[in-house]
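Trainee: I am new to this structure. Please choose a single part, look at it closely, and set it against the rest of the chain.

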Amino acid sequence: MTGQGQSASGSSAWSTVFRHVRYENLIAGVSGGVLSNLALHPLDLVKIRFAVSDGLELRPKYNGILHCLTTIWKLDGLRGLYQGVTPNIWGAGLSWGLYFFLDLFLGCLEHRMVPFSLWHMNC
């Protein structure tokens, strides 16, 4: 019987801890990370192209940001501007989603200054 009582109190303790966590924050973080990455990925690609342009004749030469963007657009189109976007989207979506998801929970812990006493939170 004590096994069942401990299980019930353990689940209520976790529900007390996670009642401050909002799933809306997770959705907001994931969507913000994905959308910002989609909007700024072409500039990240330009940064990488400039970083690997080490003077070899095999790589194209760019005169500036706009020249690099138009050259990529002419050669590969929209697909060229978004080369390698998938890992960046996964990383940004996951990291920002978890950040916003856990922000309120960890802020509550910091505010109460009881990092190891999770079962008595009243934030």
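Mentor: What follows goes from the whole chain to helix α3, then to its neighbours and a group of aromatic rings.

This is a predicted model, in which local features need pLDDT of at least 70 and side-chain atom pairs count only at pLDDT 80 or more, while totals for chains, interfaces and linings use all residues. Residues are numbered from 1 along each chain as its sequence is written, and side-chain values use heavy atoms, with hydrogens and water left out.

The protein chain has 4 helices and 0 strands; helices (H or I, at least four residues) and strands (E, at least two) are DSSP runs, numbered from the N terminus. Read from that terminus, the elements run α-α-α-α. The mean pLDDT of the protein chain, pLDDT being the predictor's confidence in each residue from 0 to 100, is 78, and 64% of the residues score at least 70. Confidence is highest in α3, at a mean of 93, and lowest in helix α1 (residues 2-18), at 56. Over residues 113-117 the pLDDT is below 50, and beyond near neighbours in sequence this stretch has 1 contact in the model, a contact being heavy atoms within 4.5 Å.

Now to α3 itself. The helix has 17 residues, yet its end C-alpha atoms are only 13 Å apart, short of the 24 Å that a straight helix would reach at 1.5 Å a residue. That expected span is 1.5 Å times one less than the number of residues. At leucine 75, α3 bends by about 105°; the bend is the angle between axes fitted to the seven residues ending there and the seven starting there.

Threonine 71 lies in α3, which covers residues 65-81. Threonine 71 counts as buried because its relative accessible area is 18% (buried means under 20%, exposed over 50%, partly exposed in between, with a 1.4 Å probe and protein chains only). The other buried residues of α3 include Cys68, Leu69 and Ile72, and also Gly77, Gly80 and Leu81. The side chain of threonine 71 reaches the backbone oxygen of histidine 67 at 2.6 Å.

Part of what covers the buried residues of α3 is α2. Helix α2 (residues 23-52) has 30 residues and reaches 40 Å from its first C-alpha to its last, close to the expected 44 Å. It bends by about 50° at leucine 40, and proline 42 follows within four residues. Among the buried residues of α2 are Gly29, Gly33, His41 and Leu45.

The aromatic rings are elsewhere, in helix α4 (residues 85-112), where tryptophan 96 and tyrosine 99 lie 3 residues apart, about one turn of the helix. Tyrosine 99 and phenylalanine 100 form an edge-to-face pair, 5.5 Å centre to centre with 85° between the planes; rings of Phe, Tyr and Trp (its six-membered ring) pair if their centres lie within 6.5 Å, and planes under 30 degrees apart count as stacked, over 60 as edge-to-face and the rest as tilted. Trp96, Tyr99 and Phe100 form one aromatic cluster. Tryptophan 96 is partly exposed, at 43% relative accessibility, as is tyrosine 99 at 46% and phenylalanine 100 at 35%.

Definitions and conventions. A polar contact is a pair of N or O atoms within 3.5 Å; within protein, one must be able to donate a hydrogen and the other to accept it, and residues adjacent in sequence count only if both atoms are side-chain atoms.
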